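Please open the model in your viewer and keep the sequence panel beside it. The tour starts with the whole chain and then moves to one sheet and the helix across it.

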Amino acid sequence: MGRRYRSPAVLIIGSGIAGIGAAAKLHQHGFHSVRILEATGRTGGRIRTLSFAKGLVEIGAQWIHGPSPENPVFQLSSQYNLLGPDALLEENQKMDVGGHPPAIPVIYSSSGKEISPSSVMNVLNLYFEWLEKARNFTKDTCSPDASVGSFFRQEILRSSKEWNKDIYELNVALLRTFLNIECCVSGTHTMDYVALCPFGEYTMFPGVDCTFPKGYESLVNRIKANIPNDTVILNKAVERINWDGSFQGNDSHIYPVQVQCEDGDTFLADHVIVTLPLGFLKKHADDFLNPPLPPSKIQAIKKLGFGTMNKILLEFEKPFWDTNSSYIQLVWEGESALTDPQKDLKKNWMKKLSGFVVLEPPGQLGHVLCGFIAGEEAEYMESLSDEEVLSSMTSLLRQFTGNPELPPPISILRSQWHSQPYTGGSYSYVAVGSSGSDIQILAEPLPKDKDAVKPLQVLFAGEATETNFYSTTHGALMSGRREAQRLIDKYPELGTAVSKAKL
Ligand code: 6YU
């Protein structure tokens with residue numbers, strides 16, 4: 001008779017793509033006692049598809065960044081047939097766009113005029129050049145307290161010496177818009193918060209970013225279909241992880257970890273994979289674990305950046321934009337990349353809006369624009385009512401199109417990621433004062449290596465734990481699979497049992 005193996009009890013905290021991805025991999029490798037505890041009433045976390053206008057929209061992740069064969073989100077989505085034909089074209093997968101869409105936008109200025117793309121090309125090319133330069137710094141070539149923002153200011157000051165007065169004003173205003181976009185990309189209030197030396201450690205796969213015709217959540221649901229239905233327990237917010245203990249289960253097995261939930265329920269486990277957003281960890285780092293997290297991990301949590309990027313979706317009866325354009329950019333005359341955005345949030349919050357993506361396809365969705373806004377202004381926007389945001393957007397669009405009669409949007413939907421208690425913002429970045437090593441420290445499992453005689457108890461995944469791919473869905477998926485693999489490696493006998501069972 002063969003030996004029987006007890007499948008280790010694994011608890012995963014959080015049912016975003018990191019948690020679901022970890023569970024699917026564990027299940028595939030013979031771990032049959034896996035549970036996911038999820039605080040909210042839904043799975044997917046920061047992947048969230050909602051009905052709006054005549055179709056589906058995303059209020060969290062929108063694109064597969066770098067959809068090409070090395071990207072695990074692209075691999076899965078193509079394997080599951082979730083993508084449209086364009087995304088599958090080999091030429092699209094090979095195109096290297098450096099994280100920015102290749103399309104030329106329509107540009108409106110705050111005086112109600114359209115700015116011709118030709119008059120922005122020079123400064124746009126300069127901007128991309130500086131962005132490339134910023135990505136080439138390393139810790140050996142720049143000072144640890146340098147920021148991407150300070151680097152840009154230095155480059156602007158140097159180049160602007162050659163600009164005459166008219167060009168100067170337009171260029172610094174355009175550059176303010178480009179920096180507002182960059183704040184959305186990095187999920188930060190200002191690029192002055194983003195560390196320069198590790199900026200290039202963020203790695204981009206090639207490919208023209210693509211979306212999911214049936215919503216990003218179709219991917220989460222498809223991965224979830226690989227795990228048993230009762231794996232995810234919703235509305236089960238975890239309050240504390242008691243580890244390094246001896247907790248006797250009903251099966252008389254002694255477990256080292258006990259997870260305590262806000263509603264008083266407790267769960268025992270051999271291993272816990274924590275996939276909590278960094279925004280949540282920042283608020284609860286001191287008391288979420290008992291014994292507490294090691295000081296190095298608490299420091300890493302405090303130092304790494306986690307900011308807010310929100311979307312404002314507006315539905316219009318008819319498009320007022322050129323329907324061939326896919327992006328509308330807003331340039332505030334009189335604003336400058338060399339000065340800080342004005343502090344009076346009530347009056348100025350909408351000046352941080354970087355522009356609108358035209359959502360497609362209009363035939364299925366209707367006429368929808370998706371605005372992007374980051375930082376304190378995005379957080380302030382969350383405190384306003386839908387009516388107030390809609391009215392501000394109507395005034396803004398009337399001002400920029402120069403049409404005081406422009407009909408207001410017929411409906412609005414916006415994200416409020418900062419106010420979500422179990423997220424606390426949008427995604428992570430490497431802040432000034434931190435580095436890629438902080439991401440690695442955050443990802444280290446407990447107990448630490450020097451205690452390797454003790455089995456692994458608490459493992460850490462989630463987008464903020466991936467050194468080269470933080471802030472993305474593929475980074476999150478990789479992190480969940482990485483920690484699942486860490487456990488799989490500890491139980492080689494389970495794999496053998498699975499392959500024997502398959503014979
Ligand atoms: C991408 C994109 N994208 C827009 C917006 C947002 C994000 N991202 P989760 O949070 O999903 O799961 C954790 C779960 O834990 C969650 O369900 C909680 O409820 C639960 N939980 C919390 N506390 C708990 C407790 N106590 N007990 C139990 N459960 C608890 N990524 O690839 N393409 O287009 C966008 C975008 C508005 C908010 C995005 C995008 C980021 C991804 O959404 C995100 O990384 C993953 O979904 C996270 O998954 P997870 O499982 O880790 O956590 C140079 C340089 C620059 C670097 N940046 C460049 C990339 C820019 C990112 N792109 C942004 C653009 C958009 C539009």
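Contact here means heavy atoms within 4.5 Å. With the whole chain selected, consider contacts between residues at least 6 apart in sequence, of which 75% join residues at least 24 apart. The model is a predicted one, in which local features need pLDDT of at least 70 and side-chain atom pairs count only at pLDDT 80 or more, while totals for chains, interfaces and linings use all residues. Residues are numbered from 1 along each chain as its sequence is written, and side-chain values use heavy atoms, with hydrogens and water left out.

Stay with the whole chain and switch to a cartoon, where 16 helices and 22 strands appear (DSSP runs numbered from the N terminus, helices being H or I of at least four residues and strands E of at least two). Along its principal axes, the C-alpha trace spans about 85 × 50 × 45 Å. Of the 503 residues, 55% count as buried (under 20% relative accessible area, with a 1.4 Å probe and protein chains only).

Next, select the open sheet of seven strands, ordered β6-β5-β17-β18-β19-β16-β20 with mixed pairing (two strands pair if DSSP finds at least two bridges between them). Its edge strands, β6 (114–115) and β20 (411–414), each pair on one side only.

Now select residues 309–316 and 367–374, which are strands β16 and β19, running antiparallel and joined by eight bridges. Which residue in β19 is the bridge partner of Met309? The partner is Ala374.

Finally, select residues 165–186, helix α6, which lies across β6, β16, β17 (327–331) and β19.

Terms used:
Axes fitted to C-alpha atoms, helices over the stretch in contact; angles between N-to-C directions. Buried < 20%, exposed > 50% of the residue type's maximum accessible area, 1.4 Å probe, protein only.
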